[in-house]
Amino acid sequence: MTIQVQVPSSAEILERDAQHNSGLWQPKHAFVRGEGCRLFDADGRSYLDLMAGIAVASLGHAHPGLANAISEQAQRIIVAPQNQANDVRSDFLDLLFELAPAPLNRAFMCNSGAEANEAALKWARAATGRKTFVAARRGFSGRTLGVLPLTWTPSYREPFEPLGHQARFVHYGDLAELDAAIDDEVAAVFLEPIQGEGGIHPADTEYLQAAQRLAHERGALVIMDEVQSGAGRTGKFLAYEHAGIQADMATMAKGLASGVPIGAVLMTDAVAQSMPKGGHGTTFGGNPLAAAAGRVVLTELKNGLLDHVERVGSYLSAALEALAAEEPRIREVRGVGLMIGIEFKEKVAPTLAALEARGVIAINAGATVLRMVPPLIFSEQEADEAVVALRGALADTQAA
């Protein structure tokens, strides 16, 4: 027997949401289901999803293997804190370190990117005995008080200062400034290999290699914030692998479990051993439900999804660069894999709105950058559809 579920209209859902939400956002859409790279609102309209929950839905929406793994795990056991061993978490960690580059060999499991970044700061302080960090202008590592000192945007930080850590901000890519900033007071250099919220800016290989060399020469650690760029989004498991460096820690979240809340700090044996017993912990981190979801994601990445991301990402970038050559309002297309930013010479909000009117959901990365971070299962045909829609949206906004 098929059970019919009566879904309220989008307008009804949005009205109810507005009565109780925090007021930080004003949603325009009420999505009630998804399929692959498509979202469907409560009124039945379909949208091509170039946002993926902000780089979260790695395997798209309603992925059968993911849904089955979550359902089966929920019928076995959901709760098993990390002071108790669990079979599915052990499987997840085995897969994680088949994909993660050496010398990373240990993981602290948590629930979000901000939590992973906070834990990395704490481990860096334990490992070095130092309190100062070097971070990048335009960088974004979270809004919680523990990691907010490393987020560049003054409007995020200043209302809550003074903050607990000290950060020295350097221009992303400026080697001389980086060299001057790292001294014997610095616990770690904390960088995104590709700045996400700051506008999709990939770091130069030379810059990341210099960051590793300078940090290690001066007794500091290298922490790569892979919350948005990791879990295969660039065609490598971790984006910093493109530069051929070795990190002491890497933080992950977002796409690692394709929508189930998860976070992780990957670290070397030496860093892991520096935390005193009982020095850190979490209740929900590494729970079997998240581990079961993550295991599906890691299995897909291991079995060919990384190559798919590299191929489709290159295809989409080439098509966008061709469009940019025709459109004087586009300044630049940049990114790696399926983490792409299109920088405009004007504010991007009207173009995003025009895309939505054409049935495509994307997101900005700053006032002038349109960000495309679709599910990793995105196809060439869907890439063509996205570019056609963007061309149409540009025509719409030109006419307006």
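**Exercise 1. Determine how strand E2 is joined to strand E3, and how many bridges the pairing holds.**

Solution. In this predicted model, E2 and E3 run antiparallel and are joined by three bridges. One position in this pairing is Arg38, which stands opposite Leu48 in E3. Next, consider the connection: E2 and E3 form a hairpin with four residues between them. In the turn, Gly44 has a positive phi of about 90 degrees.

**Exercise 2. Extend the description from strand E2 to strand E1, and state how many bridges join them.**

Solution. Step one concerns the pairing. E1 (residues 31-35) and E2 (residues 38-41) run antiparallel, with four bridges between them. Step two identifies a bridge: Phe31 has Asp41 in E2 as its bridge partner. Step three turns to the hairpin of E1 and E2, where two residues lie between the strands and Gly36 takes a positive phi near 65 degrees.

**Exercise 3. Classify the aromatic pair formed by Phe31 and Tyr47, and locate its two members in the chain.**

Solution. The whole structure contains five aromatic pairs. In the pair of Phe31 and Tyr47, the ring centres are 5.5 Å apart and the planes make 85 degrees. Planes over 60 degrees apart count as edge-to-face, so the pair of Phe31 and Tyr47 belongs to that class. As for location, Phe31 lies in strand E1 and Tyr47 in strand E3 (residues 46-49). The two residues are 16 apart, and the pair links distant parts of the chain.

**Exercise 4. Give the strand order of the open sheet of seven strands, and explain why one side of E4 and of E6 has no neighbour in the sheet.**

Solution. The order is E4-E12-E11-E10-E7-E5-E6, and the pairing is mixed. E4 and E6 (166-170) stand at the edges with a single partner strand each, so one side of each has no neighbour in the sheet. On average, neighbouring strands of this sheet are turned by 20 degrees against each other, direction ignored.

A pairing within the order can now be examined. E7 and E10 (residues 221-225) are parallel and share four bridges, and Ala188 stands opposite Leu221 in E10. Helix H8 (residues 205-217) packs on the sheet and touches E6, E7 and E10, its direction making about 145 degrees with that of E10. Helix H4 lies across E4, E11 (249-252) and E12 (263-267), and runs at about 125 degrees to E4.

**Exercise 5. Describe the open sheet of four strands and name the strands that helix H11 touches.**

Solution. The strands follow the order E13-E14-E17-E16, with antiparallel pairing. E13 (330-336) and E16 (363-364) are the edge strands; each has a single partner, so one side of each is without a neighbour in the sheet. Between E16 and E17 (residues 369-372) there are two bridges in the antiparallel sense, and Asn364 has Leu370 in E17 as its bridge partner. Helix H11 (residues 349-357) packs on this sheet, in contact with E14 (339-344), E16 and E17, and its direction makes about 40 degrees with that of E17.

**Exercise 6. State what lines the second largest pocket and how much space lies in that pocket.**

Solution. The space in the second largest pocket is about 620 Å³. Its lining comprises 22 residues, and those nearest the centre are Ala107, Phe108, Trp123, Ala272 and Lys277. Helix H4 (87-99), strand E4 (106-110) and helix H9 (269-273) are the elements that give two or more residues to this lining. Sorted by class, the lining holds 10 nonpolar, nine polar and three charged residues.

**Exercise 7. State how many cavities of 30 Å³ or more the structure has, and describe the lining of each.**

Solution. The count is two cavities of 30 Å³ or more. The largest has a volume of about 50 Å³. Its lining includes Ala135, Phe140, Tyr172, Phe190 and Asp225, and E5 (132-136) and E7 (186-191) are the elements that give two or more residues to it. By class, this lining has seven nonpolar, three polar and two charged residues.

The second largest cavity holds about 30 Å³ of space. Ala55, Ser58, Gly230, Ala231, Arg233, Gly255 and Leu376 line this cavity. They divide into three nonpolar, three polar and one charged.

Notes
Residues numbered from 1 in each chain as written. Predicted model: local features only at pLDDT ≥ 70, side-chain atom pairs only at ≥ 80, totals over all residues. Heavy atoms only, no water. 1 Å grid on protein atoms, 1.4 Å probe; cavity = no way out; pocket = protein on both sides within 12 Å on 5 of 7 lines; lining within 4 Å. Points joined across faces, edges and corners; volume = space filled by probe spheres on them. Nonpolar A, V, L, I, M, F, W, Y, C, P; charged D, E, K, R; others polar. Pairing = 2+ DSSP bridges. Contact = heavy atoms within 4.5 Å. Axes fitted to C-alpha atoms, helices over the stretch in contact; angles between N-to-C directions. Phe/Tyr/Trp six-rings, centres within 6.5 Å; stacked < 30°, edge-to-face > 60°.
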